[in-house]
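Reader: Could we go through this model together, beginning with the strand pairing and then turning to the ligand?
Author: Certainly; please have the structure open.

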Amino acid sequence: MWITGATTLCGIVGDPIEHSLSPMMHNVAFETSGLNFVYVPFRLPRGAAEIGARAMRTLGIRGLNVTVPHKVDIMRFLDQVEPSAMRIGAVNTIVSKDGYLCGHNTDAPGFLRGLELHGIEVKDKEVVVLGAGGAARAVAFSLLDRGARLTVLNRNVVKAASLAEDVAVATGARIMHDVLADTALETRLASASLLVNATTGGMHPHWNETPCPRRYLRRDLAVCDIVYNPPQTRLLKDAAASGAVVVNGVEMLVQQGALAFQLWTGTAAPVDVMRSIVCRELGHGSH
Ligand code: NAP
């Protein structure tokens with residue numbers, strides 16, 4: 001479809017942005033759905049979040065995804081932030097209704113959807129989350145909403161403590177936290193039924209690293225790695241070799257994108273098409 005005077009503009013702001021798979025995923029989705037929309041990557045340097053929000057209003061941009069380093073900074077320049085995104089403390093999707101900007105967090109429900117598709121139930125189950133960065137926050141809040149009992153392990157234990165405190169203030173729930181090291185992995189994973197990696201450990205180009213040694217994995221410990229490049233991280237390969245159910249980060253990427261698509265267009269996203277284009281780009285073949 002050609003870009004015309006009536007084309008609706010969406011995009012993504014972040015820095016760096018060249019590596020993003022979202023432009024391809026969304027442009028293929030718009031084309032497949034017969035929508036006169038286009039999705040453009042915008043490199044927006046750190047500290048320029050306000051300019052990004054203003055540009056969205058001025059240029060009549062319908063929707064933006066927001067990535068590193070703006071997910072937190074941009075919130076104060078929006079007209080409204082959805083309560084769930086406010087609690088997480090980060091926005092990854094903005095919808096403009098005639099210049100009125102509303103921020104959402106689709107990472108959290110996107111992550112949960114990936115678990116659901118693999119039949120993983122977390123209510124009243126013990127779940128160990130590795131990491132205390134932006135993605136770990138979305139993961140932690142979404143798991144708590146589903147009734148999981150949570151432990152957060154992070155290299156920098158001060159960040160893990162701060163996440164636990166934010167959770168306690170926002171929800172009243174108490175979560176355990178500890179340093180990401182062998183002793184904590186051994187004791188915390190013994191009674192857990194799900195392990196989620198929300199660190200960058202094992203991400204390209206460190207594909208041979210893992211945040212959790214294989215000796216702590218077992219058949220009845222499902223593993224979700226939200227790293228999507230590579231789609232099959234060393235952690236997931238080790239878990240699959242133990243006979244466990246595994247969920248890769250491609251599913252979360254696709255599901256958060258599908259939710260953003262629906263917010264911008266008002267129509268359901270072609271999820272299968274989006275998943276296959278991402279898998280193809282990552283050299284993974286059919287998912
Ligand atoms: P971030 O805010 O920079 O946080 C990075 C986290 O990784 C911190 O907890 C850090 O621990 C930890 N870490 C870094 N290197 C490590 C290592 N070698 N071993 C153990 N821990 C390590 O990053 P983020 O935005 O949360 O993203 C985290 C990962 O999630 C990235 O791989 C990103 O691509 C992925 N992600 C995927 C999706 C998706 O849709 N699938 C969405 C969002 C993010 P310290 O605090 O101790 O440094």
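Author: Let us begin with one pair of residues: Val 129 has Val 196 as its bridge partner in E10. Please keep in mind that this is a predicted model.

Reader: How many bridges pair E7 and strand E10, and in which sense?
Author: The pairing of E7 with E10 (residues 194-197) is parallel and comprises 4 bridges.

Reader: And which residue in E8 is the bridge partner of Val 129?
Author: That partner is Val 152. E7 and strand E8 (residues 149-154) run parallel and are joined by 5 bridges.

Reader: Is strand E7 largely enclosed or open, and why?
Author: E7 covers residues 126-130, and 4 of its 5 residues are buried, so the strand is largely enclosed by the rest of the structure. Buried here means under 20% relative accessible area.

Reader: What is the strand order in the whole sheet?
Author: The sheet is open, has 6 strands with parallel pairing, and follows the order E9-E8-E7-E10-E11-E12.

Reader: Which strands stand at the edges?
Author: Those are E9 (176-179) and E12 (246-247); each has a single partner strand, so one side of each is left without a neighbour in the sheet.

Reader: How many bridges pair E11 and E12?
Author: Strand E11 (residues 222-225) pairs with E12 in the parallel sense over 2 bridges. Within this pairing, Val 223 has Val 246 in E12 as its bridge partner.

Reader: Now the helices. Which strands does H5 touch?
Author: H5 packs on the sheet and touches E7, E8 and E10, with its direction at about 170 degrees to that of E7. Helix H6 (residues 157-171) also packs on the sheet. H6 touches E8 and E9, and its direction makes about 170 degrees with that of E9.

Reader: What unit do E7, H5 and E8 make?
Author: Together with helix H5 (residues 134-145), the two strands make a right-handed β-α-β unit.

Reader: Changing topic: how many residues surround the ligand, and which are the closest?
Author: There are 20 residues around the ligand, and the closest are Ala 135, Asn 154, Arg 155, Asn 156 and Lys 159.

Reader: Where does a polar backbone atom of Ala 135 lie relative to the ligand?
Author: A polar backbone atom of Ala 135 is 2.8 Å from an oxygen atom of the ligand. For Ala 132, a polar backbone atom lies 3.0 Å from a ligand oxygen atom.

Reader: What about Ile 226 and a nitrogen atom of the ligand?
Author: A backbone N or O atom of Ile 226 is 2.9 Å from a nitrogen atom of the ligand.

Key:
Residues are numbered from 1 along each chain as its sequence is written. This is a predicted model: local features need pLDDT of at least 70, side-chain atom pairs count only at pLDDT 80 or more; totals for chains, interfaces and linings use all residues. Side-chain values use heavy atoms; hydrogens and water are left out. Buried means under 20% relative accessible area, exposed over 50%, partly exposed in between (1.4 Å probe, protein chains only). Two strands pair if DSSP finds at least two bridges between them. A crossover is right-handed if, with the strands pointing away from the viewer, the path from the first strand over the helix to the second runs clockwise. Contact means heavy atoms within 4.5 Å. Axes are lines fitted to C-alpha atoms, for helices over the stretch in contact, and angles run from 0 to 180 degrees between N-to-C directions. A residue is near a molecule or strand if one of its heavy atoms lies within 4 Å of it. A polar contact is a pair of N or O atoms within 3.5 Å; within protein, one must be able to donate a hydrogen and the other to accept it, and residues adjacent in sequence count only if both atoms are side-chain atoms.
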